[in-house]
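Here are some short exercises to work through with the model open. Try each one yourself before reading the solution.

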Amino acid sequence: MKDLNKIAAQFAIEGEISSTKPLGEGFINDTYLVFVNGESEPAYILQRKNHIVFPDVPAMMDNIKRVTEHIKAKVSDPLRGTLTVIPAKDGKLYYKDEDGSYWAVCLFIKGSKSYDRADTAELAYQGGLGLGCFHKLVSDFNEPLHETIKGFHNIRWRFQQWDEALAKDAAGRVASLGEEISWIESRRAQMLEFWEKYEKGIIPTRVTHNDTKISNFLFNAADGTLLCAIDLDTMMSSTLLNDTGDALRSYTNTGAEDDKDLSKVGMSMEMFKAYMGGYLSVMGKELTPVEKEYLAFSGLYITYEQVLRFLMDYIDGDTYYKTAYPEHNLVRTHAQYKLLTSMEQQLDQMNGFIAEQA
Ligand code: ADP
Ligand code: GN1
Ligand code: MG
């Protein structure tokens with residue numbers, strides 16, 4: 001067991017560290033709250049960054065530092081309007097411990113709250129507003145960003161990984177997954193057709209977040225209004241449709257991402273309208289016609305990609321995502337597939353709503 005207080009003490013923390021406490025969120029990093037001076041509200045967030053998933057943590061931290069500095073210069077409350085990276089005492093943006101683990105610290109945003117799902121239209125509206133504001137804030141960030149995860153939302157690259165995973169069959173599970181595999185294969189051409197529009201530059205490249213599920217945004221605990229986007233590890237250049245897509249996957253789901261009860265899972269049109277209403281109120285005039293054309297489809301694209309990623313991890317023997325029980329990735333696959341089919345059934349209606357807003 002690591003001495004977390006000792007690790008936290010490597011950073012330029014103000015006050016005396018009193019304790020650290022694990023925060024059981026996120027599938028990739030390990031997150032801890034850091035308390036100082038005996039206070040009851042945390043002062044900092046300490047994270048062990050997963051350097052298997054993010055092979056170049058220094059480059060990732062460099063992205064985060066530069067983007068957050070850019071945002072800070074533009075928002076009215078720089079300490080709550082984005083993350084604040086706390087450097088290590090040697091000035092680096094991370095600390096590498098003797099075991100080779102990478103650690104980073106940022107300020108705990110006071111009076112904030114995060115959610116696992118949107119259960120009110122107001123929350124979905126605030127989330128949409130938040131992503132819109134975030135996209136606007138970074139739209140004039142013109143410096144290059146490091147690619148922190150190769151081909152993250154590039155379905156062509158994902159298919160390459162997928163084909164290799166099927167051929168390798170590392171956990172001996174492929175034979176039992178005929179139906180699930182057909183869900184992926186039957187939509188392969190459709191998804192590649194969309195991605196090709198991005199590859200050809202028909203869909204523009206912008207600065208994007210790439211992990212916009214609801215738990216990666218903080219809301220004001222006092223009144224539920226949106227504070228900021230967090231979990232900036234995957235900030236990269238891509239299409240903003242990846243962000244709207246991942247947000248729709250998360251905010252519109254009437255069930256949990258890993259719901260065992262599939263009757264609970266589906267896309268809520270009410271949440272879709274609320275989320276998109278918020279998003280378009282900020283970004284409506286900034287989007288190109290082709291981005292608008294694919295806005296609703298973006299939800300299908302990322303939900304499909306998520307089905308593929310969960311299933312591929314199950315096929316690989318559960319090496320990427322944290323799992324709570326042996327079949328967890330398969331349960332996630334089924335739940336996300338149910339969501340995908342619900343989105344497919346409602347695509348025309350979603351497009352109709354977007355067209356009305358234009
Ligand atoms: P992961 O990469 O593992 O998903 P996150 O950076 O999303 O980790 O952090 C996990 C959770 O910790 C968030 O959903 C949020 O509840 C909380 N959190 C993270 N950073 C902060 C922060 N700066 N202030 C307050 N809460 C935070
Ligand atoms: C991971 O890190 P976290 O838990 O916010 C994953 C996302 C997935 C998501 C599924 C770097 O997000 O891409 O959509 O789980 N992040 C990474 O819940 O792979
Ligand atoms: Mg997160």
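**Exercise 1.** How many residues surround ligand 2, and which are the closest?

*Solution.* Before counting, note that this is a predicted model, where local features need pLDDT of at least 70, side-chain atom pairs count only at pLDDT 80 or more, and totals for chains, interfaces and linings use all residues. Residues are numbered from 1 along each chain as written, chains are lettered from A and ligands numbered from 1 in written order, and side-chain values use heavy atoms, without hydrogens and water.

Step 1: look for residues with a heavy atom within 4 Å of the ligand. You get 17, and the closest are K213, E257, Q306, R309 and Y320.

Step 2: check polar contacts (N or O pairs within 3.5 Å). Oxygen atoms of ligand 2 lie 2.8 Å from a polar side-chain atom of K213, 3.1 Å from one of N216 and 2.8 Å from a side-chain N or O of R309.

Step 3: ask how covered the ligand is. Alone, ligand 2 exposes 440 Å² (Shrake-Rupley, 1.4 Å probe), and the protein buries 98% of that.

**Exercise 2.** Which protein atoms are donors of the magnesium ion, ligand 3?

*Solution.* Step 1: search for N, O and S atoms within 2.8 Å of the metal (3.2 Å for Na, K and Ca); water isn't among the atoms, so the site may look incomplete. The hits are N216 (OD1) and D231 (OD), 2.1 to 2.2 Å away.

Step 2: place them. N216 sits in the β8–β9 loop and D231 in the β10–β11 loop, so the pair ties together parts 15 residues apart in sequence.

Step 3: compare exposure (buried is under 20% relative accessible area, exposed over 50%, partly exposed in between; 1.4 Å probe, protein chains only). N216 is buried at 5%, while D231 is partly exposed at 23%.

Conventions. Helices (H or I, at least four residues) and strands (E, at least two) are DSSP runs, numbered from the N terminus. A polar contact is a pair of N or O atoms within 3.5 Å; within protein, one must be able to donate a hydrogen and the other to accept it, and residues adjacent in sequence count only if both atoms are side-chain atoms.
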